[in-house]
Amino acid sequence: MTSAAVSVDRLGGAWSALRAFFFDGMPALERATEALASVEGAVRSAGDGDRLILWLLGTATALRYSRRPEPMEVGLARARELVNVVGRTQDETTTVPYRTLVEGVYRDLAWVVPSEAGAYLDQGLEYTERTMRLAKRAARDEWLAQAQASRGDLLLEYATDRRSRRRALTAHEDARRRWPLRDPYGRAQAAIGYGGALLSLGEATRAETVVRETLPVFAQHDRYHQAAARVLLARSLYAQDDSDALDEHAAALALYRALGCRWELARAETALG
Amino acid sequence: MRRARFVVASLFLTFLAATTAVAASTEDQVYAIARELMCPVCAGQTVAESNSALAVQMRQIIRERLQQGQTREEIIAYFVGQFGEHVLATPPRRGAGLLIWLTLPAALCVGLAVLRRFVRRPRDGARPAPPNPTPREAEQIARKLREMD
């Protein structure tokens, strides 16, 4: 077996492990991260732009979910490198989906490093300005949807008053209108942010409806996002004084525990205040 | 002069229509191939359906490779090399994939056989109707009923 074949298998294995993370949890993420790290040299020296892009995308995504500041900073650097590589080798407007990955890492870093949250959110929001311009220039609904949802997430984290929360909701509503129906999984992931924005404005019933729609989408393949959706559902029910909130909360905690996602578990434990 | 303008306009429109047709044809091919590939990070969606960054990139790779003149088979083989055979929306008809292909028709045949047997055999609850009473039995029944009254 040639070394090229070995590296191809490892990259494929890394993607399988990354996919498995969303159902099996942290051991799969560790496998993905190790496999991606082991092929870095081969991928970078091969001179295959497509493989480099796939590797950067996988590495940035895997490190993002580590929920540890240092690997996440490396993930941010990889995501920015990805944007540069795609911008250099393709049209700059095609960087929109990768720019939203960079923004997502900024948002997550603001969660994981609360002492630096302001700085990360500032950088993330500044980054969204160009993303929005590029998405409008590309005039593709699916990219505008991604750009708006990502901006909505950052605006919501940054929001301090009702007016700024309303801006976040408006961005999410626009994203939802534009999100292609052929992509129920992506739509469901974005719906978690949308539901959060609704809840922040006291619209608990609408948030409940939105988040309930996502549960069948995640049920079979994605326990990670299912847990996030159940946390939001618990918060929505709690805001309506519905005692089912406690059951949903317990279900979400059990999922995070089963996945071995300790950071998410700790965050979810305080979700009901 | 007017005729020259008409000719130029006609040529321009013909060129525009041809360019649009080629672009549309390439996009159709991109999505046709994308429908044969599963998005490696999405929940049961094909690359054609997903809006994830990875699916977007995979569609871009398909587009580039079609423009380079690669065939559908070559492009699909490239993705199998990157992600393994589970990237295929339809399992290959060999190895474990062949087992799936054979299992489905076999399961269908067994299902049909069971259904046929089930339909032919009378259900436990559906007993045949009792025969009509003889004149003597009918008279006995009538008498019993009169006594009950």
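Is A:A139 buried or exposed? A:A139 is exposed, with 60% relative accessible area, and the close-ups below, drawn from a predicted model, start there.

**View 1. A:A139 sits in the loop between α6 and α7 of chain A.** Take a look at the backbone here: phi of A:A139 is near 50°. That is a positive value, and the residue is something other than glycine. With a relative accessible area of 60%, A:A139 is past the cut-off of over 50%, so the residue counts as exposed.

**View 2. A:E129 and A:R151 tie α6 to α7 in chain A with a salt bridge.** The side chains come to 3.5 Å, N to O. A:E129 belongs to helix α6 (residues 117–138) and A:R151 to helix α7 (residues 141–158). The two residues are 22 apart along the chain, so this pair links distant parts of it. The partners differ in cover: A:E129 is partly exposed at 41% relative accessibility, whereas A:R151 is buried at 13%.

**View 3. A:R67 is another residue with a positive phi, this time in the loop between α3 and α4 of chain A.** Phi of A:R67 is near 60°, again in a residue other than glycine. Helix α4, on one side of this loop, covers 69–89. A:R67 has just 8% relative accessible area, which is under 20%, so the residue counts as buried.

**View 4. A:R177 and A:D174 form a salt bridge within helix α8 of chain A.** The closest N and O atoms are 3.3 Å apart. Both residues lie in the one helix, 3 residues apart, or about one turn. The two ends of the bridge have opposite surroundings: A:R177 is exposed, at 64% relative accessible area, while A:D174 is buried, at 12%. Elsewhere in chain A, salt bridges that share partners build a network out of A:R64, A:R67, A:R107, A:D108, A:D153 and A:E264. One of its members, A:R67, is the buried loop residue of View 3.

**View 5. A:D50 and B:R65 make a salt bridge from chain A to chain B.** Here the closest N and O atoms are 3.3 Å apart. On the chain A side, A:D50 is in helix α3 (residues 49–64). On the chain B side, B:R65 is in helix α2 (residues 53–67). Both partners are tucked away: A:D50 is buried at 10% relative accessibility, and B:R65 is buried at 12%. For the overall tally, the structure holds 26 salt bridges over all chains.

**View 6. Helices α9 and α10 of chain A run roughly antiparallel to each other.** Two packed helices are described by the angle between their axes and the distance between the axes. Helix α9 takes in residues 184–200, and helix α10 takes in residues 204–219. Their axes come within 9 Å. The crossing angle is roughly 160°, which is over 145, so the pair counts as roughly antiparallel. As for handedness, α9 passes α10 in a left-handed crossing.

**View 7. A:R182 lies in the loop between α8 and α9 of chain A.** Helix α8, on one side of this loop, spans 162–178. At 28% relative accessibility, A:R182 is partly exposed. How far apart in space are A:R182 and A:G124? Their C-alpha atoms are 28 Å apart, and 58 residues separate A:R182 from A:G124 in sequence.

**View 8. B:I141, B:L145 and B:M148 form a nonpolar patch on the surface of chain B.** Together these side chains account for about 340 Å² of accessible area. B:M148 is in helix α5 (residues 135–148) of chain B. With a relative accessible area of 68%, B:M148 is exposed. Zooming out, chain B has 5 helices and 0 strands, in the order α-α-α-α-α from the N terminus on. Of its 149 residues, 28% count as buried.

Notes:
Residues are numbered from 1 along each chain as its sequence is written. Chains are lettered from A and ligands numbered from 1 in the order in which they are written. This is a predicted model: local features need pLDDT of at least 70, side-chain atom pairs count only at pLDDT 80 or more; totals for chains, interfaces and linings use all residues. Side-chain values use heavy atoms; hydrogens and water are left out. Patches are made of residues with over 30% relative accessible area and no salt bridge: like charges are joined within 9 Å, nonpolar side chains (Val, Leu, Ile, Met, Phe, Trp, Tyr) within 5 Å. Accessible areas come from the Shrake-Rupley method with a 1.4 Å probe; for residues, only the protein chains shown count as cover. A salt bridge is a side-chain nitrogen of Lys or Arg within 4 Å of a carboxyl oxygen of Asp or Glu. Helices (H or I, at least four residues) and strands (E, at least two) are DSSP runs, numbered from the N terminus. Buried means under 20% relative accessible area, exposed over 50%, partly exposed in between (1.4 Å probe, protein chains only). Axes are lines fitted to C-alpha atoms, for helices over the stretch in contact, and angles run from 0 to 180 degrees between N-to-C directions. Angles under 35 degrees count as roughly parallel, over 145 as roughly antiparallel, 65 to 115 as roughly perpendicular and the rest as oblique. A crossing is left-handed if the near helix is turned anticlockwise from the far one by less than a right angle, and right-handed if clockwise.
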